[in-house]
Amino acid sequence: MGTRKRPLQPESAPRRRPRGAGGDRWDRATEASRLAFDELLATRLPDEAVARYEEHLRKLSEEIPEFAVWMRHHADRAATRGLESLENTLLQVTSHRDPARHRAALARAYRAELGKPILGGDAGDLTMPALGNGYLDPRYRVKAAGPGARPADESWWDTEPRADLAAFLVTYLTTPQAADAPLLLLGQPGAGKSSLTRVLAARLPAADFLVVRVALREVRAEAEIQDQVEQALRTAIGETVAWPDPARDADGAMPVVLLDGFDELLQVTGIHQSDYLQRVAAFQQREAVLGRPVAVLVTSRIAVADRARLPAGSLVVRLEPFDEPQQEHWLRIWTGANAAQWNTGRRPLSLEVLRRFPDLAQQPLLLLMLALYDATGNALQDAGESFGTGQLYERLLREFAAREVRRVHGDQPDAALPALVDDELLRLSVVAFAMFHRLRLWVTTAELDADLAGLGLPPSRMQQTQEFRTPISAGQEMVGRFFFIERAHAVPTRST
């Protein structure tokens, strides 16, 4: 709760004489005393009143549990989640037009995502929060991409963090400038970029927006922008649809294309995608000339943002890490979703434990990973203060490798599995070192091929066991497997 202060009265402002008996004392007071009294009212008194109010509020919450629950409920309602305020704002000014068939089908498909788990995969006996409830609107920074823009560099970001992402997106998507150039949405791994596009696709009202979400890892990397959009249309609604058809039938609705995962496109095709954002802008310009203006949002990891030329007029948005209040709010959602588990001897994860893993707890996906890992036997809570991030990563990586080995080589005797696990971890370490000694957070398949060949490591025994498959290089195999590792880390194997 902020401090409420009143500016000091200027010397020329007339002072109101206090009523009652105090008025005589005011008349007898010196000018210095009156100034001191005014300053007390304007500065110290509000601070002390707020401090006393918060102290009484804290004591009341401790003495009456129902009051504490009520306070948390109102705090949760005040905290924005799932871009609800974006949808509510747009519905206040909606045209109420009935969407055409394809647009209505897309809207139904995307709306259904809000009720699905925020992350797929087997969570065992745990309950994964639904996307619409478990996604917290992040803080962000925004900056225009002028000449010489370097959004991958921390020093380039001289704008202040903001907490009104829903309001920003409403403004952006309802202005003509959105159709001039793509908006580049950046975040660290696990920042929730894909979840944001899923929520946005679900929240934009079908009466006023034609939304197509394109998961770039699921379409042909070498295809033109329109072809990628049409592939996504088929995936979403099960029909082969030419893009001009729904765009032409939009009937005043704003087409919005969400291209999710530009960084994965780069890893598949290397440097040949450096003009991708320029091609997106050319696609927008063509559509505008044909009377079908379209807004495009492209997501990417921060680390590879400088590997593509930014078109003139682009905006860049960077998702900020979770702060402690957001972490605490997310923990309440997680604890509530799994309330039944706390009657089985498990203990809810606490903010105090998360403080031991600040780099992980600041990213939504990695925060979920910590909660899943701790949910079995309270592994994080019971590990002690000395158990740090390095040990956690080592355990997660070994469990991931063991799970992969068991999946592919389940027919092997148990005695052979440890050697296969070590082989898998060796390859992962080579990929990590390939990035480390090049002083960057990405590596091309050609570079991986050279490194693995130099160390005498052909494609792994896992890849060699797959029949009826065109052979791929060792580097291509590892790049493909790293995409799976990102998903696997989010739902780690729970150790006994």
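The following conversation goes through a predicted model and asks what supports some of the words used for its parts.

Biologist: Why is threonine 299 called buried?

Modeller: Threonine 299 has a relative accessibility of 1%, and because buried means under 20% relative accessible area, the word applies to this residue, which sits in strand β5 (residues 295-301).

Biologist: What makes the approach of threonine 299 to glycine 261 a polar contact?

Modeller: The side chain of threonine 299 comes to 2.8 Å from the backbone nitrogen of glycine 261, and a polar contact asks for a pair of N or O atoms within 3.5 Å, so the distance meets that limit. Glycine 261 also appears among the residues that threonine 299 touches beyond its neighbours within four places in sequence, together with Leu185, Lys193, Thr197, Leu259, Asp260, Phe262 and Asp263.

Biologist: Is arginine 97 buried, exposed or partly exposed, and how do you know that?

Modeller: Its relative accessible area is 28%, and since buried means under 20% and exposed over 50%, arginine 97 falls in between and is therefore called partly exposed. Arginine 97 is placed in the loop between α4 (84-92) and α5 (101-111).

Biologist: How do you know that arginine 97 and aspartate 251 meet, with their places 154 residues apart along the chain?

Modeller: Their C-alpha atoms are separated by 8.5 Å, and a polar atom of the arginine 97 side chain lies 3.0 Å from the backbone oxygen of aspartate 251; because contact means heavy atoms within 4.5 Å, that pair of atoms qualifies. Leaving aside neighbours within four places in sequence, arginine 97 also has Ala207, Asp208, Gly252 and Ala253 as contacts.

Biologist: What makes strands β1 and β6 a pair?

Modeller: Two strands pair if DSSP finds at least two bridges between them, and β1 is joined to β6 (residues 315-319) by five bridges, with the strands running antiparallel; in one of the matches, lysine 143 has valine 316 in β6 as its bridge partner.

Biologist: Why is β1 described as mostly covered?

Modeller: In strand β1 (residues 140-144), four of the five residues are buried, and buried means under 20% relative accessible area.

Biologist: Which residues have the most contacts inside the largest nonpolar core?

Modeller: They are Trp243 and Leu392, in a core of 110 residues, to which helix α16 (residues 364-375) gives the largest share, nine residues. Apart from that core lies another, of nine residues, including Phe400 and Leu420. Beyond residues up to four places away in sequence, leucine 392 touches Phe357, Leu360, Met369, Leu370, Tyr373, Leu380 and Phe387.

Methods:
Residues numbered from 1 in each chain as written. Predicted model: local features only at pLDDT ≥ 70, side-chain atom pairs only at ≥ 80, totals over all residues. Heavy atoms only, no water. Core = buried A, V, L, I, M, F, W, Y, C linked by side-chain atoms within 4.5 Å. Buried < 20%, exposed > 50% of the residue type's maximum accessible area, 1.4 Å probe, protein only. Helix = DSSP H or I, 4+ residues; strand = E, 2+ residues; numbered from the N terminus. Polar contact = N/O pair within 3.5 Å; in protein donor to acceptor, adjacent residues only side chain to side chain.
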